[in-house]
Amino acid sequence: MSTGYLWHEVFGWHDTGSGPLFPADPAIGIAPMPHLANSDTKRRMHELVAVSGLLDHLTRIEGRPATREELLRVHTPEHVDRIVAESASARGGDAGDGFSAFGRGAYEVAALGAGSAIAMTEAVVSGRVDDGYALVNPAGHHAVAGTGMGFCIFNNVAVAARHAQAELGVERVAIVDWDVHHGNGAQAIFAADPSVLTLSVHQANCFPPDSGHLHQRGEGAGHGYNLNVPLPPGCGDGAYGYLAETVLAPALAAFEPDLVIVASGFDAGAMDPLARQMVTSTGFAHLVDTVRDAAASSPQGRLVMVQEGGYSPLYVPFCGLATISALAGVHVLDDPVLPIVAAQGGADLLPHQREAVDAAAALVADLR
Ligand SMILES: O=C(CCC1CCCC1)NO
Ligand SMILES: [Zn+2]
């Protein structure tokens, strides 16, 4: 078993500015503070992968910038051109929603993120490694064809999926998004396409607003190939373990993908400031075990994981370490925060959480 790993130092340099979340404003009592989505958290995750020794068990995969043509398989020329132009200015710009500031040079960083998702996908599909984790920045899962949003500039996972289909002989791709915010980007990009299953597990109505509903099933030929699992706040390892067993595993078994790409966010974590779930490092590792087993049971199943959100500088590194350890089948370090977050409760599956998961599980039967 060999697990690929991709990180580039420039991902730790992505400038999210002070951003509107939450800019200093003495008049309302906000003192200057780093942006909640600053790049340090992902750099800390990489450093823990290195310092813990896990890196010695992984196969390092080189990233590369996505070409314009590769980006245009998913995004409009207008979007790409706007990012290029704003990224070239000293002031930087915004991904598209006025909420996702970036500094000069962000185009190069974001193109490297999308190209790195491609590079990891190529390494897995070619058999150079059995599976792999691309720790990229910025995230991508909110970006749609014509704009970025929610701190996302290009949809890294969608660009990799389209590349796999166009260049690597992959036909059926499953995108499993367990970032705590709805994977609206893949849902929109692949809405009418039955060759790509898009499955998002997220806190209901967290972000984007009014997005990720159970009834959003895909359009036309793609109907039935989008599956949303909106969850109430307060879900922990019990709820996520239940949905892994009753939604993720059967949906992947029914779809039989040639490639599974996980949009891997850690903001469902128990210490994340941008949502209200309580997943621990153990819970994330269980999700990995589920999708890895599901991918292995598909005839050509392969598994690629691409970083999305996650904002706790303390806990994201340990959730990330547990995730990559589960992928590689190598344990190097216990999570020292686990006793604290586990003691705070939230692990048990509660009736209202079971109901929310069962509502989504009922829709798996339509998959074929
Ligand atoms: O982690 C994210 C970004 C969510 C934030 C974007 C604006 C407020 C919440 N998306 O997956
Ligand atoms: Zn998120």
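How far does a polar side-chain atom of Tyr311 lie from an oxygen atom of ligand 1? I looked it up in this predicted model. The distance is 2.4 Å.

**Polar contacts of ligand 1**

I went on to other side chains. His141 places a polar side-chain atom 2.5 Å from an oxygen atom of ligand 1. For Asp179, I found a side-chain N or O atom 2.8 Å from an oxygen atom of the ligand. I then checked the cover. On its own, ligand 1 has 320 Å² of accessible area, and the protein covers 92% of that.

**The shell**

I listed the residues around ligand 1. Among them are Phe99, His142, Gly150, Phe151 and Phe207. His181 and Asp267 are also part of the surroundings. By class, I get 4 nonpolar, 4 polar and 2 charged residues in this shell.

**The zinc ion**

Next I turned to ligand 2, a zinc ion. Which residues are its protein donors? I noted Asp179, listed twice through OD, His181 through ND1, and Asp267 through OD. These donors lie 2.0 to 2.7 Å from the zinc ion. Along the sequence, the donor residues follow the spacing D-x1-H-x85-D. I traced the two aspartates: they are 88 residues apart and link distant parts of the chain. Asp179 sits in the loop between β6 (173–177) and α6 (184–189). Asp267 sits in the loop between β9 (259–264) and α8 (281–297).

**Buried or exposed?**

I last asked whether Asp179 and Asp267 are buried or exposed. Asp179 has 1% relative accessibility, so it counts as buried. Asp267 is at 0% and is buried too. The cut-off I used is under 20%.

How values were computed
Residues numbered from 1 in each chain as written. Chains lettered and ligands numbered in written order. Predicted model: local features only at pLDDT ≥ 70, side-chain atom pairs only at ≥ 80, totals over all residues. Heavy atoms only, no water. Donors = N, O, S within 2.8 Å, 3.2 Å for Na, K, Ca; no water. Helix = DSSP H or I, 4+ residues; strand = E, 2+ residues; numbered from the N terminus. Buried < 20%, exposed > 50% of the residue type's maximum accessible area, 1.4 Å probe, protein only. Near = heavy atom within 4 Å. Polar contact = N/O pair within 3.5 Å; in protein donor to acceptor, adjacent residues only side chain to side chain. Areas by Shrake-Rupley, 256 points an atom, 1.4 Å probe, with all protein chains shown as cover. Nonpolar A, V, L, I, M, F, W, Y, C, P; charged D, E, K, R; others polar.
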